[in-house]
Amino acid sequence: MLRLLLVSVFVGALAGGAYSLFSPEGRQLIDRVTINWDRKEHRGHFRAGRPIPGTPDLSRFSSRLNKASLKPGMPVHIRIYKLESEIELWVQKNGRFERFATYPICMWSGRLGPKLKEGDRQAPEGFYTVSENALNPNSVEHLSFNLGFPNAYDRGKGRTGSFLMVHGGCASIGCYAVTDRVVDEFWALMTAAYDNGQTHIPVHAFPFRMTEKNMRLRSGDKWAPFWANLKTGHDMFVRDRVPPKVSVCNGEYVFEPGSAATLTYAIEEHCPGAVADRG
């Protein structure tokens with residue numbers, strides 16, 4: 001309630017100040033206030049040893065799986081939303097993916113927008129695939145897995161960076177920190193999926209919940225065309241509940257309907273026939 005009040009006061013001041021609420025700069029400032037408030041709140045809970053609000057009951061991992069009729073070994077998919085500081089774990093059942101849990105992200109660094117270069121402290125946005133050899137059981141942050149940045153899209157844009165992870169703890173210089181006990185749940189389902197034959201786990205990272213309203217509010221942002229490209233793949237998953245097959249063609253992400261077979265595909269330079277015919 002206090003957060004809502006403070007954001008409302010800020011918005012009111014912003015509307016009467018140098019920035020218009022409806023300008024790209026005004027929206028960026030509002031987003032930064034929201035992000036920084038969440039970071040402060042999440043760090044406070046973490047340092048006090050309290051669960052971050054919105055965390056599932058981690059002591060009931062097995063019973064939560066049983067209740068959802070899910071079990072380790074089923075294929076998994078991960079979705080990240082930066083503005084809302086949330087990360088979702090999806091599990092395949094009967095050919096489609098069901099959301100098993102939504103967890104608060106304790107800390108991610110930077111602002112909305114993609115990672116551009118080594119050292120910019122930006123957390124990546126885009127479509128990534130994680131193979132088993134990207135898991136690090138000896139991480140200084142308990143456990144971690146490498147997103148695989150830069151991917152084929154990032155490399156085509158000349159973007160640089162390394163060791164962009166999802167990991168435990170609550171500190172970030174470009175990674176997504178989700179606390180030790182949360183990363184334990186990811187680890188359990190990811191390793192079981194690899195053991196059962198899933199060679200790549202799709203991890204899709206978005207700037208915010210990709211609603212029409214959120215897109216409209218940020219339509220003047222310099223990253224709006226990039227986000228519109230991400231939204232195409234986002235919405236294909238929402239429609240089919242299967243991660244799309246993601247490729248890179250002519251400097252953009254392109255998407256084809258996904259299947260059990262395409263879960264094993266890494267993201268590569270490839271122009272599907274329908275896209276090539278248009279170009």
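Me: Which residue of β3 does Lys93 stand opposite?
Reply: In this predicted model, strand β2 (residues 86–93) pairs with strand β3 (residues 96–104) in the antiparallel sense, over eight bridges. Within that pairing, the residue of β3 that stands opposite Lys93 is Arg96.

Me: Which residue takes a positive phi in the hairpin of β2 and β3?
Reply: The hairpin of β2 and β3 has two residues between the strands. One residue of the hairpin takes a positive phi near 55°, and that residue is Asn94.

Me: Which are the edge strands of the open sheet of five strands?
Reply: The open sheet has the order β4-β9-β8-β7-β6, and its pairing is mixed. An edge strand here pairs on one side only, and this holds for β4 (107–108) and β6 (135–136). The edge strands are therefore, by the rule that two strands pair if at least two bridges are found between them, β4 and β6.

Me: Do strands β8 and β9 run parallel or antiparallel, and which residue of β9 stands opposite Val166?
Reply: Strands of a sheet can pair through backbone hydrogen bonds in either sense. Strand β8 (residues 165–167) and strand β9 (residues 176–177) are joined by two bridges and run parallel. Opposite Val166 in this pairing stands a residue of β9, Tyr176.

Me: How is the aromatic pair of Tyr153 and Phe226 classed, and how many residues apart in sequence are the parts that it ties together?
Reply: Among the 13 aromatic pairs, Tyr153 and Phe226 form one that is tilted, at 5.9 Å centre to centre with 35° between the planes. Tyr153 lies in helix α4 (residues 152–156) and Phe226 in helix α7 (residues 224–240), so the parts tied together by this pair are separated in sequence by 73 residues.

Me: Are Tyr153 and Phe226 buried or exposed?
Reply: A residue counts as buried when its relative accessible area is under 20%. Tyr153 has a relative accessible area of 6%, and Phe226 has a relative accessibility of 7%. Tyr153 is therefore buried, and Phe226 likewise counts as buried.

Me: Why is the pair of Tyr153 and Tyr253 stacked?
Reply: Planes under 30 degrees apart count as stacked. The ring centres of Tyr153 and Tyr253 lie 4.3 Å apart and their planes are at 10°, so the pair is stacked. This pair links helix α4 with strand β12 (residues 252–256), 100 residues apart, and the two residues, Tyr153 and Tyr253, are buried.

Me: Over which ring does the charged end of Arg159 sit?
Reply: Ring pairs link a cluster that includes Tyr81, Tyr153 and Phe226. The charged end of Arg209 sits over the ring of Tyr81, 3.9 Å from its centre. The charged end of Arg159 sits 5.7 Å from the centre of the ring of Phe226.

Technical notes: Residues numbered from 1 in each chain as written. Predicted model: local features only at pLDDT ≥ 70, side-chain atom pairs only at ≥ 80, totals over all residues. Heavy atoms only, no water. Phe/Tyr/Trp six-rings, centres within 6.5 Å; stacked < 30°, edge-to-face > 60°. Helix = DSSP H or I, 4+ residues; strand = E, 2+ residues; numbered from the N terminus. Buried < 20%, exposed > 50% of the residue type's maximum accessible area, 1.4 Å probe, protein only. Lys NZ or Arg CZ within 6 Å of the ring centre and 35° of its normal.
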